[in-house]
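Reader: Please take one part of this model and go through it closely. I would like to know how the helices and the strands are arranged against each other.

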Amino acid sequence: RERQAEYGLAQDSPERVSVNVFAAGKEVLAFAAGRPAPDGHGTFMVLAREPETVYVGSHPLPTLLTQGLKHWRNKVIVELPQDKLEQLKLATGKGVLDLIKEEGSSWRKPDDPTWYADPARLGALLSIISRLSWVEVVDEPAAAADYGFDKPQASVSARAEGRDYQLVFGKEVEGSPNNCWLKLEGDPKVYQVGKALLERFTRD
């Protein structure tokens, strides 16, 4: 125990991170993580029930455990499995593309039974829509115009299992030119997403 300071495990060590795990209201595990191990991958650890023994874990636990709340938050804006999508409508400054799904995986224009979407390109878009994630989130946003939602660069409407979803892409984020604003209708939050996502929808 006298050498625990060498491992960043002493009670007053700045590297020490204490973790308590509970299940059904009872503590089932308690341990502390300290400095990185010499191999650069693991971490020195001590269990509360074995205070005399120092272990080396296999992960950089202090780095993981001391990340901000944003890193622990679910970053998925909307999750729509591709096999549940039934209808898709893309609106940009270049026009509107309306698609419906036939049996199987083919998509076509509803008013033209001979016009089918390119499966490779559409598949890439459906993959984005099915699990859309944010870079930053604003829980209490300002007016919609502040994010460019009054003059959207693009909007995406999708239907899955009879329910409608609408995504609206706003303007570029000031100070973060690689991001743009996005909102999901019915969701009070607004999100920053990579501008590359918008570009996937606005290509010719």
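Author: What follows goes through one sheet and the two helices that pack on it. The model is predicted.

The sheet is open and has nine strands, in the order β9-β8-β7-β6-β12-β13-β14-β15-β11, paired antiparallel. At its edges stand β9 (112-116) and β11 (136-138); each has a single partner strand, so one side of each is left without a neighbour in the sheet. On average, neighbouring strands are turned by 30° against each other, direction ignored. Within the sheet, β12 (residues 154-160) and β13 (residues 163-173) run antiparallel and are joined by seven bridges. Here V156 has L167 of β13 opposite.

Helix α3 lies across β6 (85-92), β7 (95-101), β8 (107-109) and β12, and runs at about 100° to β6. Helix α4 also packs on the sheet, where it touches β6, β12, β13, β14 (176-184) and β15 (190-194). The direction of α4 makes about 80° with that of β15.

The two helices also pack against each other. α3 covers residues 119-130 and α4 covers residues 195-202; the angle between them is about 140° and their axes are 10 Å apart. The two are therefore oblique to each other, and α3 passes α4 in a left-handed crossing. On the α3 side the contact is made by A124, L125, I128 and I129, which meet L197, R200 and F201 in α4. Of these contact residues, six are nonpolar, none is polar and one is charged.

Terms used
Residues are numbered from 1 along each chain as its sequence is written. This is a predicted model: local features need pLDDT of at least 70, side-chain atom pairs count only at pLDDT 80 or more; totals for chains, interfaces and linings use all residues. Side-chain values use heavy atoms; hydrogens and water are left out. Axes are lines fitted to C-alpha atoms, for helices over the stretch in contact, and angles run from 0 to 180 degrees between N-to-C directions. Helices (H or I, at least four residues) and strands (E, at least two) are DSSP runs, numbered from the N terminus. Angles under 35 degrees count as roughly parallel, over 145 as roughly antiparallel, 65 to 115 as roughly perpendicular and the rest as oblique. A crossing is left-handed if the near helix is turned anticlockwise from the far one by less than a right angle, and right-handed if clockwise. Contact means heavy atoms within 4.5 Å. Ala, Val, Leu, Ile, Met, Phe, Trp, Tyr, Cys and Pro count as nonpolar, Asp, Glu, Lys and Arg as charged, and the others, Gly among them, as polar. Two strands pair if DSSP finds at least two bridges between them.
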